[in-house]
Amino acid sequence: MKPLPLKEASPGGHVSAADAGVGARTGAEAGEGAVADAGDWTPALSRSVMLRHDRVRGTDLLLMPERVVVLRGGAGAILRLCDGRREVAAIVAELAERFPGASVATEVPEFLGRMREEGWIR
């Protein structure tokens, strides 16, 4: 898996970027194991992770101890559906309804697999 780019943030924290979503290319970076159990888990944010929208920058962020992940594309919309009650298949179905014609059936499970590997969702 290709590592996410990192840059220093103010006092000792890190800022990284995560791309995803509707129409974004994520498959080449995800690896085969990321989607092996794509439909049989109910993703939720990890306990130390908070999803917030930054109104000033107009972007979604994942806030963690000493780290901030800037979400791009449809990543925030995907992660908002990760509530621990919906399975991946239900998340894909809802996004397919919201964004007809987008290749969510493959890209969303791959993105969620990457987020799970990072430990940002469980």
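**Fold, core and selected residues of the predicted model**

The secondary structure of the protein chain amounts to four helices and five strands. The model is a predicted one. Along the sequence, these elements succeed one another in the pattern β-β-α-β-β-β-α-α-α. The chain holds 122 residues, of which 41% are buried. Of the contacts between residues at least 6 apart in sequence, 65% join residues at least 24 apart. The accessible surface comes to about 6,800 Å², and carbon and sulfur atoms account for 51% of this area.

The largest nonpolar core contains 25 residues. Within this core, the residues with the most contacts are Leu62, Leu71, Leu79, Val108 and Leu112. Two or more residues are contributed by each of β4, β5, α2, α3 and α4, the last of these spanning residues 104–118. The greatest contribution is that of α4, which supplies five residues. Val108, one of the residues with the most contacts inside the core, touches Ile78, Ile91, Val92 and Leu95 when residues up to four places away in sequence are not counted.

Aromatic residues were also examined. The number of aromatic pairs is zero. A charged residue is nevertheless placed over a ring: Arg116 lies over the face of Trp41, at 3.9 Å from the ring centre.

Strand β4 includes Asp60. This residue has a relative accessible area of 13% and is therefore classed as buried, the limit being under 20%. The side chain of Asp60 takes part in polar contacts with two other side chains. One, with His53, has a length of 2.9 Å; another, with Arg80, has a length of 2.6 Å. Both partners recur among the residues in contact with Asp60 once neighbours within four places in sequence are left aside, a list that reads Leu51, Arg52, His53, Val69, Val70, Leu71, Gly76 and Arg80. Among these, Leu71 is also one of the residues with the most contacts inside the largest nonpolar core.

Glu66 occupies the loop between β4 (59–64) and β5 (67–73). Its relative accessibility is 65%, and Glu66 therefore counts as exposed, for which the limit is over 50%. The backbone of Glu66 has a positive phi of about 60°, although the residue is not a glycine. Most residues other than glycine have a negative phi.

Asp83 is situated in the loop that runs between α2 (75–80) and α3 (88–98). With a relative accessibility of 26%, Asp83 is considered partly exposed, because this value falls between the limits of 20% and 50%. The side chain of Asp83 reaches the backbone nitrogen of Arg85 at a distance of 2.9 Å. When neighbours within four places in sequence are left aside, Asp83 is in contact with Pro43 and Ala44. The C-alpha atoms of Asp83 and Ile121 are 10.0 Å apart in space, while the two residues are separated by 38 residues in sequence.

The two aspartates may be set side by side. Asp60 belongs to a strand and is buried, whereas Asp83 belongs to a loop and is partly exposed. The side chain of Asp60 is joined to the side chains of His53 and Arg80, whereas that of Asp83 reaches a backbone nitrogen, belonging to Arg85.

Note on methods: Residues are numbered from 1 along each chain as its sequence is written. This is a predicted model: local features need pLDDT of at least 70, side-chain atom pairs count only at pLDDT 80 or more; totals for chains, interfaces and linings use all residues. Side-chain values use heavy atoms; hydrogens and water are left out. Buried means under 20% relative accessible area, exposed over 50%, partly exposed in between (1.4 Å probe, protein chains only). Contact means heavy atoms within 4.5 Å. A polar contact is a pair of N or O atoms within 3.5 Å; within protein, one must be able to donate a hydrogen and the other to accept it, and residues adjacent in sequence count only if both atoms are side-chain atoms. A nonpolar core is a set of buried Ala, Val, Leu, Ile, Met, Phe, Trp, Tyr and Cys residues joined through side-chain atoms within 4.5 Å. Rings of Phe, Tyr and Trp (its six-membered ring) pair if their centres lie within 6.5 Å; planes under 30 degrees apart count as stacked, over 60 as edge-to-face and the rest as tilted. A charge sits over a ring if NZ of Lys or CZ of Arg is within 6 Å of the ring centre and within 35 degrees of the ring normal. Accessible areas come from the Shrake-Rupley method with a 1.4 Å probe; for residues, only the protein chains shown count as cover.
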